[in-house]
Amino acid sequence: MGAAKLDRRVQFRRATFADNGFNSSRDWNAADPAADNLGSRIWAQKTDLSDGERWRAGEVAAHVTTRFVVRYSSFTVSITPADRIVCEGDVYEITGIKEGEGRRQWLEITCARMV
């Protein structure tokens with residue numbers, strides 16, 4: 001994979017964790033989503049893998065599975081499935097992260113987005 005394929009700018013977001021004494025939960029800042037931004041935007045390759053629709057509780061929900069490839073770095077290694085990716089205004093939930101082809105050169109991040 002060459003750097004020329006990294007043609008999208010993505011922003012990672014990290015939620016804050018709130019603990020009320022009984023349990024902890026991830027809180028996303030709905031009023032100011034940029035407040036959850038983690039680091040600066042980086043270059044990535046975006047590939048849509050699949051799409052589909054599901055019936056759940058009487059509603060139809062469409063979803064898209066997407067893979068982002070980013071350069072391996074100390075910053076990108078800190079990304080976890082608890083984080084999110086924003087690409088071109090769309091928010092993606094991270095479902096998996098693995099090392100791509102070439103040792104410590106690329107990370108493949110699989111995500112899901114509700115349409």
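Arg-67 is partly exposed, with 24% of its relative area accessible. Keep in mind that this is a predicted model.

What does Arg-67 pair with? Its salt-bridge partner is Glu-108, with the closest N and O atoms 3.9 Å apart. The two sit in distant parts of the chain, 41 residues apart. Arg-67 belongs to strand β5, residues 59-71. Glu-108 belongs to strand β8, residues 106-114.

Now stay with Glu-108. Is Glu-108 buried or exposed? Buried, at 18% relative accessible area; the cut-off for buried is under 20%.

Glu-108 also forms a salt bridge with Lys-98, and here the closest N and O atoms are 3.6 Å apart. This pair again links distant parts of the chain, ten residues apart. Lys-98 lies in strand β7, residues 90-99. Lys-98 is partly exposed, at 46%.

Why do such pairs form? In general, oppositely charged side chains can pair when their charged atoms come close.

On to another group. Asp-7, Arg-8 and Glu-88 are joined in a network of salt bridges. Within it, Arg-8 meets Asp-7 at 3.7 Å, N to O. Arg-8 is partly exposed at 23%, and Asp-7 is partly exposed at 47%. How many salt bridges does the structure hold? Seven.

Last, the cysteines. How many disulfides are there? Zero. Take Cys-87. Its closest cysteine sulfur is in Cys-111, 9.5 Å away. A disulfide needs the sulfurs within 2.5 Å, so this pair is too far apart for a bond. Cys-111, likewise, is in no disulfide. Cys-87 is buried, at 1% relative accessibility. Cys-111 is buried too, at 1%.

Technical notes:
Residues are numbered from 1 along each chain as its sequence is written. This is a predicted model: local features need pLDDT of at least 70, side-chain atom pairs count only at pLDDT 80 or more; totals for chains, interfaces and linings use all residues. Side-chain values use heavy atoms; hydrogens and water are left out. Buried means under 20% relative accessible area, exposed over 50%, partly exposed in between (1.4 Å probe, protein chains only). A salt bridge is a side-chain nitrogen of Lys or Arg within 4 Å of a carboxyl oxygen of Asp or Glu. Helices (H or I, at least four residues) and strands (E, at least two) are DSSP runs, numbered from the N terminus.
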